[in-house]
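Here's a quick briefing to read alongside the coordinates. The topics are overall make-up, charged pairs, and surface patches.

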Amino acid sequence: MSLAFDDYGRPYIILREQGSKKRMKGLEAYKSNILAAKAIANTLSSSLGPKGMDKMLVSPDGDVSVTNDGATIVEKMEIQHPTAKLLVELSQSQDAEIGDGTTGVVVLAGKLLEQALTLLDKGIHPLKISDGFDRACDVAIKHLETISEEIDIQANEHEALIQAACTALGSKVVSKRKRELGKIAVTAVLDVADLNRKDVNLDLIKIQTKTGGSVEDTRLISGILIDKDMSHPQMVKEVNDAKICLLTCPFEPPKPKTKHNINISSAEDYKKLYQQEQQYFVDMVKLVKDSGANIALCQWGFDDEANHLLLQNNLPAVRWVSGTDVELIAMATGARIIPRFQEITPEKLGKAGSVKEVQFGTSNERMLVIENCQCTKAVTILIRGGSQMIVDEAKRSIHDAICVIRNLIKDNRIVYGGGSAELACAIQVLQYADEVSSVEQYAIRSFADALEGIPSCLADNCGLNPITSVAQAKARQLQENNHRIGIDCMELGTTDMKEQRIYETLSSKKQQIQLATQVVKMILKIDDVIAPDDY
């Protein structure tokens with residue numbers, strides 16, 4: 001610590017921060033990084049599978065979340081260790097690219113790191129381990145493509161898509177209603193999908209939550225639902241053949257940018273000011289009416305004066321519509337977003353079959369439904385639930401199911417679940433290891449052991465004996481040459497995942513293995529860590 005003076009002679013203290021930092025090098029750094037990342041993976045491992053446990057997360061504000069969605073858990077955990085944060089990014093990248101499998105990818109990375117730690121203790125160089133894992137990953141990915149099957153997503157009223165959605169929803173809080181929610185998710189995606197281009201614009205699926213009722217009351221609305229009502233209780237509740245004026249300017253007199261004062265010295269001045277304000281409102285309403293619009297949606301608010309005038313002129317209006325809703329309505333109805341009243345023209349209006357106010361429960365809560373939109377088939381999934389926590393978790397679950405269906409439409413190849421795909425890859429990787437004569441053979445074998453860790457974890461979470469279950473499944477895969485044998489988590493009496501109809505998309509499984517391998521390789525290449533003392 002030393003004292004110095006600035007240009008004005010004011011003293012300030014220079015602290016030597018380097019002394020308060022600690023440095024780890026070599027094997028100590030590898031082990032510290034691996035143990036930190038493993039701790040995160042171990043936390044998530046109990047959430048894997050259809051009978052995985054949920055985690056309760058309490059924020060600093062006291063907000064409580066109950067979830068078993070991997071990406072949500074790691075995002076809300078307050079993680080300090082920089083290497084452990086890599087697993088947070090790993091889960092988020094799986095979520096961004098695929099939307100499902102966020103827990104599995106972190107658990108797989110944890111199993112790989114566990115194996116890497118054993119290899120480091122044997123004295124194998126980290127780069128040799130990385131190279132071995134890389135080669136094993138390539139073998140596993142090629143084998144996944146070999147054992148994948150193409151499914152007909154159109155057949156039997158899209159039964160394949162519903163089953164994929166059920167697999168995604170099976171491990172969630174809402175698993176009791178997975179079939180009904182799966183059908184809702186499939187219908188929503190097919191309504192907005194372009195099957196010729198194999199493309200789905202998820203922006204056109206709005207997920208709206210509302211506490212009250214139960215999860216069974218969740219329904220699909222063919223249109224856009226916004227959590228607003230008409231600005232005046234006496235306005236009409238339904239507008240048919242709606243011509244929508246989308247405004248991003250408020251219904252109020254203009255305000256000067258600078259500070260201003262108005263001196264009113266007589267009643268005449270006050271009346272003039274009042275008339276001028278009235279004229280502003282009259283002109284605004286007239287501009288909207290003249291364009292042919294029969295409903296106005298405004299991103300900003302308007303005061304009681306404007307509200308009264310809108311009612312007098314029979315112009316239903318909605319205020320404080322959120323920016324995302326404004327964009328979605330513009331896309332669906334063909335409306336142009338209008339920033340100034342002077343720019344309103346008939347060509348900029350959006351068209352919809354109807355705009356109506358609907359009411360829920362006994363609490364007099366109202367929402368607006370915009371149906372039969374002109375341009376695109378936008379849909380809304382209205383999620384109901386007994387508490388905010390259930391509603392939030394249902395929203396996350398349905399998002400995962402929607403992403404799985406989107407992925408199947410883009411690429412209709414699947415692999416079977418229940419740990420069967422990982423076991424099949426592990427067997428293939430072990431066979432490949434026998435052909436490798438270099439030190440990487442040990443790392444390749446360890447990669448196979450890590451893959452076996454996934455079915456082992458599934459069995460453990462379902463109350464089965466993990467060692468016995470994995471050994472039996474592995475033996476049957478080899479004897480019968482059947483890559484569909486996995487862990488019977490639901491105890492249905494068969495371990496053939498085709499009979500149980502448990503499968504997931506090939507793209508999700510490939511992404512999981514590749515991402516986990518990449519992150520482990522990155523962690524194994526860090527041999528020097530300089531960090532504050534308190535981490």
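A helix here is a DSSP run of H or I covering at least four residues, and helices are numbered from the N terminus. With that in hand, K509 can be placed in helix α16, which covers residues 506-524. Bear in mind that this is a predicted model.

**Overall make-up**
- The chain contains 16 helices and 20 strands.
- Measuring tape out, virtually speaking: the C-alpha trace spans about 100 × 80 × 40 Å along its principal axes.
- Of the 535 residues in the chain, 50% are buried.

**K509 and its partner**
- Is K509 buried or exposed? K509 has a relative accessible area of 4%, and the cut-off for buried is under 20%, so K509 counts as buried.
- The K509 side chain makes a polar contact with the side chain of E504, at 3.2 Å.

**Salt bridges**
- How many salt bridges does a search of the whole structure find? The search turns up 28.
- E159 and R179 are joined by a salt bridge between their side chains, with an N to O distance of 2.9 Å. This pair links distant parts of the chain, 20 residues apart: E159 sits in helix α6 (residues 155-169) and R179 in helix α7 (residues 178-192).
- The two ends of that bridge fall into separate accessibility classes: E159 is buried at 15% relative accessible area, whereas R179 is partly exposed at 31%.
- E480 and R476 also meet in a side-chain salt bridge, 2.8 Å from N to O. Why are these two separated by about one helical turn? Because they are 4 residues apart in helix α14, which runs over residues 466-480.
- Both of those residues land in the partly exposed class, with E480 at 41% relative accessibility and R476 at 32%.
- R484 pairs with D496 in another salt bridge, where the closest N and O atoms are 3.4 Å apart. Here too the pair links distant parts of the chain, 12 residues apart, with R484 and D496 both in the loop between α14 and α15.
- D496 has a relative accessibility of 8%, so D496 counts as buried.
- There's a network as well: D229, K237, E357 and R366 are joined into one by salt bridges that share partners.

**Surface patches**
- Which residues form the negative surface patch? The members are E277, D303, D304 and E305.
- E277 belongs to helix α8, residues 267-290. At 38% relative accessibility, E277 counts as partly exposed. Patch members need over 30% relative accessible area and no salt bridge.
- On the nonpolar side, M56, V58, V64 and M389 form a surface patch, and together they offer about 370 Å² of accessible area.
- M389 lies in helix α11, residues 388-410. M389 is another residue in the partly exposed class, with a relative accessibility of 35%.

Conventions: Residues are numbered from 1 along each chain as its sequence is written. This is a predicted model: local features need pLDDT of at least 70, side-chain atom pairs count only at pLDDT 80 or more; totals for chains, interfaces and linings use all residues. Side-chain values use heavy atoms; hydrogens and water are left out. Patches are made of residues with over 30% relative accessible area and no salt bridge: like charges are joined within 9 Å, nonpolar side chains (Val, Leu, Ile, Met, Phe, Trp, Tyr) within 5 Å. Accessible areas come from the Shrake-Rupley method with a 1.4 Å probe; for residues, only the protein chains shown count as cover. A salt bridge is a side-chain nitrogen of Lys or Arg within 4 Å of a carboxyl oxygen of Asp or Glu. Lys and Arg count as positive and Asp and Glu as negative; His and the chain ends are not counted. The place of a charge is taken as NZ of Lys, CZ of Arg, CG of Asp or CD of Glu. Buried means under 20% relative accessible area, exposed over 50%, partly exposed in between (1.4 Å probe, protein chains only). A polar contact is a pair of N or O atoms within 3.5 Å; within protein, one must be able to donate a hydrogen and the other to accept it, and residues adjacent in sequence count only if both atoms are side-chain atoms.
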